[in-house]
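Reader: Hi! I'm new to reading protein models, and I'd love a close look at one part of this one. Could you walk me through it slowly?

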Amino acid sequence: EKNRTLETTGNVVVHGKLVMRPANQNIVHRLRFIGVKERRFAGGGMSVLRSDIGLWVMDHGRLLISGSPKLAWTRTIDGVPEGADWIELQEDPVGWSVGDEIVLTPTESPTVKGHHTRYDQATIAAISGRMIQLSRTTRFAHPAVDLGPGIRCTPEVLNLSRNVKIEGTRRGRAHIFIHAMHSQSVQNAAIRHMGPRRRSSDGYTKPVLGRYGLHFHHCEDGSRGSLVSGVVVRNCGAHAFVPHMSHGITFTDCISHNTFDEAYWYDPRPGSRRKRRAPPTNDALYERCVASLVRTDPPTRAQLSGYFLGAGTGNAARNCVAVGVRGLKTSSGFFWPKASEGQPWSFEDCLAHNNAADGIFAYQNESSAHVISRFRAYHNGRIGIEHGAYRNRFTYEDSVLYGNLEAAVVIHAVSDPSPHIRMNRLLCDGAGLSDHSVVMTRHFIDGEPVEVSGCTFRGYRKAAFACMYNGNPIPDRAILTDCTYEGNPFWLEPSIHPDTEITVRDPLLGNIMLRRWDQPGVLQPEWNASVSPIVP
């Protein structure tokens, strides 16, 4: 029932129970690590190290952390203009108080310079119902984005304040390490200035192995039943939420904001390079979680993600958001990585927007039948869905891809034997930004056709479906059934593989086969393709 702060220059090691449970939202409980020397960290292992200052929960240790209940995040009712000092929320701001720190996520077009970095941060000056007065006017516009009929997206509003705080300092980051055989309860807490980094010989900073924001480490079945709810990890120098070989953990309404490296992650490395499969994490659930402003060092790193969807069984991501993920090339909001294949994730109703590159990047070679349902990706700096690697069996269904700068979908892979790679009932709207909606590019291994069914393509500048890689060593193969094209439907680059076959089954276009321009059939100049009818 009183404000309490514990400051320490050494480790806090829990073998019994650590309870942080303020009586009401006006009481603050704080555990702060001070005087930490990040350069002295050793990292790794499963034992407490005096050099690696942080909170260690070991053996029979338990965390019973319960801050006051609070709506973790919501969205605005409409767009927010530049210079606004009031915003209206979609939900009641339960538990919000004057003085809380809030963040508005970016939503602007990828044609705007720095579109993935244009955040606004302020404190709450006043609350009137669902109306929130900001302590400062917004520096950037956060427009509403109409993705399709009845689908309007507005900026997320993240509340970063909690009345349980576990933190290091800006110049001395600590960590939380859990290697215990009991379930943990961490609810409505703010974790700040964790994840130490050290400067390496190339001049960049690297994370210390195994020292992250909130890290469950090799708890295996001991962690089953653990609940991490309403937790904010911010200003973290490494991964925010890590359930590494720790099974049965539920993460709900969690926020990672302004952190380094993959926000939701666990170690993918097999024991002996790629000769063994990656160690699994089973029955993890991410629900209504947010990965926001994910950074990397160097900033030109090609592969970074908000959510690293690794090996294991029974894992699920539902209603999660990835926004502001930096990096280049194949960085993405959601990532299915190579050398970390496992049973399919249950993946439903997730959103990726205003990331530097992709919404989804999948790069696996395996026979599991993954299903991605009701995914939305808008205003990403490259591609809505970028899919590889060589052969696999992913299905994307009932999803909306809007205003992604280069394309809605890029396909590097071909299908394994049935079930094939499938794209069912996608709405791909280029918003006048991209030349093509779906692009098939370079292949290295032959396989079965990609199936595209019941999709709508619009807002592109040149063609809906394109085979683009000149000199492709392997033919493109696809089957397009009952799709809608608002503009030129096809384009085949002149030097694609001569055995490329694109099968079209369409009530308007008929049942036809598209091949390279110099192959048998009738040349269709607008498509740069030789066309022949398919005889039933």
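**Around Asp 398**

Author: Sure, let's start with Asp 398: its relative accessible area is 33%, so it counts as partly exposed. Keep in mind that this is a predicted model. The side chain of Asp 398 meets that of Arg 425 in a salt bridge, at 2.6 Å from N to O. Asp 398 sits in the loop between strand 39 and strand 40 (400-402), while Arg 425 sits in the loop between strand 43 (422-424) and strand 44 (427-429), so the salt bridge ties together parts that are 27 residues apart in sequence. What about Arg 425, buried or exposed? Neither, really: Arg 425 has 43% relative accessibility, so it is partly exposed.

Now step back into strand 39, which covers residues 391-397. Strand 39 pairs with strand 36 in the parallel sense, over five bridges. For one spot to find on your screen, look for Ile 372, which stands opposite Tyr 396 in strand 39. As background, strands of a sheet pair through backbone hydrogen bonds, either parallel or antiparallel.

Strand 36 (residues 369-373) has another partner too: three bridges join it to strand 33 (residues 346-348), and these two also run parallel. Here, Glu 348 has Ser 373 in strand 36 as its bridge partner.

Glu 348 is worth a second look, since its side chain is busy as well. Glu 348 forms a salt bridge with Arg 374, with the closest N and O atoms 4.0 Å apart. This pair links distant parts of the chain: Glu 348 belongs to strand 33, Arg 374 to the loop between strand 36 and strand 37 (376-378), and they are 26 residues apart. Glu 348 is partly exposed because its relative accessibility is 26%, and Arg 374 is partly exposed because its value is 36%.

If you want a contrast, try the salt bridge between Glu 101 and Arg 234, which comes in at 3.0 Å, N to O. Glu 101 is in strand 9 (residues 101-104) and Arg 234 in strand 23 (residues 232-236), 133 residues apart. Glu 101 is partly exposed at 23% relative accessibility, but Arg 234 has a relative accessible area of 6%, so it is buried. The cut-off to remember is that buried means under 20%.

And there are plenty of others to hunt for: the structure holds 33 salt bridges. Some join up, too: Glu 7, Arg 30, Arg 32 and Glu 167 are linked in a network of salt bridges.

Notes: Residues are numbered from 1 along each chain as its sequence is written. This is a predicted model: local features need pLDDT of at least 70, side-chain atom pairs count only at pLDDT 80 or more; totals for chains, interfaces and linings use all residues. Side-chain values use heavy atoms; hydrogens and water are left out. Two strands pair if DSSP finds at least two bridges between them. Helices (H or I, at least four residues) and strands (E, at least two) are DSSP runs, numbered from the N terminus. Buried means under 20% relative accessible area, exposed over 50%, partly exposed in between (1.4 Å probe, protein chains only).
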